[in-house]
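Have a look at the sequence and the fold below. What follows is an informal walk through some of the strands, bridges and buried spots.

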Amino acid sequence: MYNDSAGAMYEQQEKKRTDMFHRRKVLRKRICAIIFLLILLSYFVILLIDTGRYKDGLKPLITIKEEVKEYDDGTVRTYYSLGWVFREYNRETIKDSEMVPFWKGIRMDNVLNRVNEGNLPEIETDYMIPDNSQMYEKVNGVLFFYNGEELLDTYKCLWSDYDCEIASSVIYADDDNQYDQVKMGIIDNRYVFIREYRSRYTEVEESTIYLYDIKAKRLIAQYDDVRYSMIGDDNKGYIDSSKYIIKKNDKWGIDQVVKGKVTNYVDYLYDEINYDSDSKRYIFHDSNGYLVYDAFNNTKTSYIPEAISDIYLVDNEVYMLTKVPNEEEYNSYFYKVYNSSGTNVFSDDTILYLEIFSNFMVYIKNKEVYIVDFNGQKLNKEVIPIYFEMTDYGVKPLYISLNGNELKISTPKESSKTHYTDEYYYNIEDFSLIRKREQVKETLE
């Protein structure tokens with residue numbers, strides 16, 4: 001009887017343990033199912049949120065990794081998230097964005113769609129690169145392109161074994177530095193103007209200029225000549241951002257290169273084109289005269305008959321200064337100022353120096369300083385004498401500065417580094433004399 005009772009109790013306990021095990025197993029399954037459903041729900045919620053963020057041009061909510069792949073015509077940026085990626089295409093061949101599964105590759109990978117001029121020769125690729133420990137421009141018919149001490153690329157002469165070079169800027173007859181050759185610099189560590197020669201130093205010499213794209217390793221344009229916009233600290237010629245002055249079919253124009261793609265910016269119509277780096281304007285010259293071109297706003301002034309010496313921007317108005325030597329009086333000039341409509345607003349034939357400000361001009365004439373408006377009306381009542389001749393070096397006979405509404409004119413008594421000077425202070429609202437200081441000692445650096 002005792003054994004039967006003990007057995008029954010054991011069976012009951014085993015049944016309880018078995019039931020408890022099954023209940024725990026079922027509970028664990030339910031918990032796992034709930035966790036899985038929560039994870040799945042969270043995943044779809046994040047997917048839904050990211051869909052909205054993609055449409056709004058934002059990054060994924062969770063970015064695991066970010067990669068940028070570079071091409072010679074732009075870049076593709078990829079943001080990796082939880083099973084999908086955001087992609088931004090910023091290439092010449094494709095500009096788009098997409099949200100796709102992570103296993104989908106980059107569209108148009110390694111595909112280019114160039115529209116540059118055709119019939120350009122292929123560059124040499126199978127050649128021995130000579131030693132160039134001295135970092136010369138050319139060794140044995142191979143050009144070397146450097147950024148400091150970093151070698152960017154090399155280039156083998158195409159038209160002959162040895163006669164090619166990095167192109168020099170063309171020299172105009174009226175250039176101040178008309179006897180100085182200025183080599184063109186390497187633009188953005190990517191573009192190089194190369195002049196190729198055939199039968200050099202002979203009567204039948206031929207030459208041309210190619211624009212070479214280091215990154216794409218191909219020639220992308222061909223020209224007759226090139227002109228720098230600015231001279232860099234390394235005494236080499238550089239261009240205005242992506243725009244450059246070039247000659248084609250015996251006329252000058254402006255082309256633009258962006259991510260290896262060349263487009264014509266200004267037609268090849270002009271006899272000369274110069275760039276004024278202070279005003280960031282171009283000066284065009286043809287048979288009609290001279291004008292100023294604003295490449296940023298694509299606007300031109302009217303033509304004027306004389307060569308433009310300087311450009312002044314006053315309250316969004318362009319003023320063009322012309323300066324012609326006065327042959328009857330040494331070191332004096334015939335100055336004219338034109339507005340953007342081509343109207344001559346000021347002229348005088350015996351001026352030694354002139355500077356333009358917002359609503360007035362200051363110049364030297366007959367050893368005296370004049371402050372005038374754009375109608376030539378004198379604004380200063382006092383006589384401001386000049387004590388020595390204007391030169392291109394050393395101490396100047398006149399210094400002008402503007403601080404708010406206060407105009408300061410300083411006239412040194414002598415041209416030595418340490419000297420005495422007179423100072424005149426004017427209110428430019430009415431050009432009344434605020435104060436005058438005489439015999440002020442100063443030392444100029």
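How do strand β31 and β32 pair, and over how many bridges? They run in the antiparallel sense, and the pairing extends over nine bridges. Keep in mind throughout that this is a predicted model.

## The sheet at β29 to β32

Strand β31 covers residues 418–427, and β32 takes in 432–443. One of the bridge pairs joining the two is N427 with S432, the latter sitting in β32.

Step back and you see an open sheet of four strands, ordered β29-β30-β31-β32, with antiparallel pairing. The edges are held by β29 (399–403) and β32, and since each has a single partner strand, one side of each is left without a neighbour in the sheet. Going from one strand of this sheet to its neighbour, the average turn is 20°, direction ignored.

## Two hairpins around β6

Strand β6, residues 142–147, is mostly covered, with five of its six residues buried. On one side of the story is strand β5 (residues 138–139), which pairs with β6 in the antiparallel sense over two bridges. Here K138 stands opposite L143 in β6. The hairpin of β5 and β6 has two residues between the strands, and N140 takes a positive phi near 50° there.

Then comes strand β7 (residues 150–156), which pairs with β6 over six bridges, again in the antiparallel sense. F144 faces T154 of β7 across this pairing. β6 and β7 also make a hairpin with two residues between them, and in its turn G148 has a positive phi of about 65°.

## The disulfide

How many disulfides does the structure hold? Just one, and the partners are C157 and C164, with their sulfur atoms 2.0 Å apart. The torsion about the S-S bond of C157 and C164 is about -75°, so the disulfide is left-handed.

Are C157 and C164 buried or exposed? C157 counts as buried at 3% relative accessibility, and C164 is buried too, at 0%. Another cysteine, C32, is a contrasting case: with 51% relative accessibility, C32 counts as exposed.

## I194 and S169

I194 belongs to strand β9 and is buried, with a relative accessible area of 0%. This residue also leads back to the disulfide: I194 and C164 are 30 residues apart along the chain, while their C-alpha atoms are separated by 7.0 Å. Leaving aside neighbours within four places in sequence, I194 is in contact with L143, F145, Y155, E165, A167, T208, I209, Y210 and Y212. One of those, L143, is the residue that K138 stands opposite in β6.

S169 sits in the loop between β8 (164–166) and β9 (191–198). Despite the loop setting, S169 is buried, with a relative accessible area of 4%. The side chain of S169 reaches the backbone nitrogen of Y228 at 3.1 Å. Beyond four places in sequence, the contacts of S169 are Q181, V182, M184, V226, R227 and Y228.

## Salt bridges

The count of salt bridges comes to 25. One of them pairs the side chains of E67 and K65, at 3.3 Å from N to O. Both ends are partly exposed: E67 has 36% relative accessibility, and K65 has a relative accessible area of 42%. Another joins R198 and E206 at 3.4 Å, N to O. R198 is partly exposed at 34%, and E206 is partly exposed at 41%.

What about R281 and D294: buried or exposed? Both are buried. Their salt bridge has its closest N and O atoms 3.6 Å apart. R281 lies in strand β19 (residues 281–286) and D294 in strand β20 (residues 289–294), so the pair ties together parts that are 13 residues apart in sequence. Elsewhere, R87, D96, E98 and R107 are joined into one network by salt bridges that share partners.

How values were computed. Residues numbered from 1 in each chain as written. Predicted model: local features only at pLDDT ≥ 70, side-chain atom pairs only at ≥ 80, totals over all residues. Heavy atoms only, no water. Disulfide = S-S within 2.5 Å. Buried < 20%, exposed > 50% of the residue type's maximum accessible area, 1.4 Å probe, protein only. Pairing = 2+ DSSP bridges. Polar contact = N/O pair within 3.5 Å; in protein donor to acceptor, adjacent residues only side chain to side chain. Contact = heavy atoms within 4.5 Å. Axes fitted to C-alpha atoms, helices over the stretch in contact; angles between N-to-C directions. Salt bridge = Lys/Arg side-chain N within 4 Å of Asp/Glu carboxyl O.
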